[in-house]
Structure formats: structure tokens, C-alpha cells
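Here is a set of exercises to work through with the model open beside you. Try each task before you read its solution.

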Amino acid sequence: MHTIEIPVRYAETDMMGIVYHSNYLVYLEIARTEMIKSLGLDYKEMEEEGYVSPVTNVNLDYKRSLTYGDVAHVSVWIDHYDGLRTIYGYEVKNADGQLAVSAKTTHVVVKKENFRPIRLPKVFPNWHAIYEQMRADDAVLISN
């Protein structure tokens, strides 16, 4: 699990002073990208090689509002990985540790030129190895 802090900026709120719902997707993307960087991986390098990783599904469950001046504590982890599809899990909490949003996003890696899905083990074996290791580490934590 990787956690970052994002201050809620005024521009991200609506007329009621709460974070506008679509801005949570931005928070998730920032956290996911930071987690990937922390693993020594980089979306930019993937794109330079002619691949992108579109979101194929998003599920957000809103529990409570964050407001201007709050700090969003965004945690992300790999919830599921099978070599083709990666599902990331997220929790967004306020400074008191109260859950504001839980979410999942599903991603595949595709060739930019034709949007055909690829399998990570074949094209990006380093990503695959790191994601597999994370799954193995999670399995050990769960069994303990």
C-alpha cells in the first residue's frame, strides 16, 4: 500500500465548499502514479515505447465529504493482477482517518496505434515481476 497526502484546493470544490465528485478521480490518479514511481516504474517510459494504460472501469463509493482546507490521505494498492488486467484499490481519508471514498479502477495496457491489449509478462516483464512480487507479499501478509 502506498499513501500520499493531497491538500484540497479551493478550485476542486463546488458551491457548497465540498470536493466536486470528479476530482476524486484526479486524486486516485496522482496516488497510483506515485505508487508506480515508488516501485521504480514509469508510465512515461511505457508511453515512449508505444503503449498506454487506459482505465476500463471505475467504481467510487462516497462515504463523506472533504472540504476546502482538508488534506486527503489517499492510499492505493494492487487489488488484483492477472498479467492482462490490473485492478487498483483506493481509500481516501480525512486527517482524522475517517473514510471519505473507497474506489477501484481497472486498467489494461494497449498498443497506442491500435488499442489492442497486451500481456505485461511479454512486453513489460519488469512491471510483471514487480506486480507478481507485490501479490506474493500480500499473500504472505494475509496468511499471517
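**Exercise 1. Find the distance at which the side chains of Lys93 and Glu91 meet, and classify the exposure of both residues.**

Step 1. The side chains of Lys93 and Glu91 form a salt bridge at 3.6 Å, N to O. A salt bridge here is a side-chain nitrogen of Lys or Arg within 4 Å of a carboxyl oxygen of Asp or Glu.

Step 2. Lys93 has a relative accessible area of 30% and is partly exposed. Glu91, at 25% relative accessibility, also counts as partly exposed. The classes are buried under 20% relative accessible area, exposed over 50%, and partly exposed in between, with a 1.4 Å probe and protein chains only.

Step 3. A word on the source: this is a predicted model, in which local features need pLDDT of at least 70 and side-chain atom pairs count only at pLDDT 80 or more, while totals for chains, interfaces and linings use all residues. Residues are numbered from 1 along each chain as its sequence is written, and side-chain values use heavy atoms, with hydrogens and water left out.

**Exercise 2. State how many salt bridges the structure holds, then place the pairs Lys44 with Glu48 and Asp79 with Lys104.**

Step 1. The structure holds 6 salt bridges.

Step 2. Lys44 and Glu48 meet through their side chains at 3.4 Å, N to O. They are 4 residues apart in helix α2 (residues 43–48), so about one helical turn separates them. Helices (H or I, at least four residues) and strands (E, at least two) are DSSP runs, numbered from the N terminus.

Step 3. Lys44 counts as exposed at 52% relative accessibility, and Glu48 is exposed at 59%.

Step 4. Asp79 and Lys104 form a salt bridge at 3.0 Å, N to O. This pair links distant parts of the chain, with Asp79 in strand β4 and Lys104 in strand β6 (residues 99–108), 25 residues apart. Asp79 is partly exposed at 36%, and Lys104 is partly exposed at 40%.

**Exercise 3. Trace the pairing of strand β4 with β1 and with β5.**

Step 1. Strand β1 (residues 2–7) pairs with β4 (residues 71–81) in the antiparallel sense, over 6 bridges. Two strands pair if DSSP finds at least two bridges between them. As a marker, Glu5 has His73 in β4 as its bridge partner.

Step 2. β4 also pairs with strand β5 (residues 85–93), again antiparallel, over 8 bridges. Here His80 has Ile87 in β5 as its bridge partner.

Step 3. The hairpin of β4 and β5 has 3 residues between the strands, and Gly83 takes a positive phi near 95° there.

Step 4. Thr86 sits in β5 and is buried, with a relative accessible area of 6%. Apart from residues up to four places away in sequence, Thr86 touches Ile78, His80, Tyr81, Thr105, Thr106, His107 and Tyr131. Contact means heavy atoms within 4.5 Å.

**Exercise 4. Count the aromatic pairs, and work out the geometry of Tyr51 with Phe124.**

Step 1. Searching the whole structure gives 8 aromatic pairs. Rings of Phe, Tyr and Trp (its six-membered ring) pair if their centres lie within 6.5 Å; planes under 30 degrees apart count as stacked, over 60 as edge-to-face and the rest as tilted.

Step 2. The ring centres of Tyr51 and Phe124 are 5.3 Å apart and the planes stand at 85°, so this pair is edge-to-face.

Step 3. Tyr51 lies in strand β2 (residues 51–52) and Phe124 in the loop between α3 (120–123) and α4, so the pair ties together parts 73 residues apart in sequence. Tyr51 is buried at 10% relative accessibility, as is Phe124 at 4%.

**Exercise 5. Describe the surroundings of Trp127.**

Step 1. Trp127 is found in helix α4 (residues 125–143) and is buried, with a relative accessible area of 5%.

Step 2. Leaving out neighbours within four places in sequence, Trp127 is in contact with Ile36, Leu41, Asp42, Tyr43, Met46 and Leu120.

Step 3. One aromatic cluster is formed by Tyr43, Tyr81, Tyr88, Trp127 and Tyr131.
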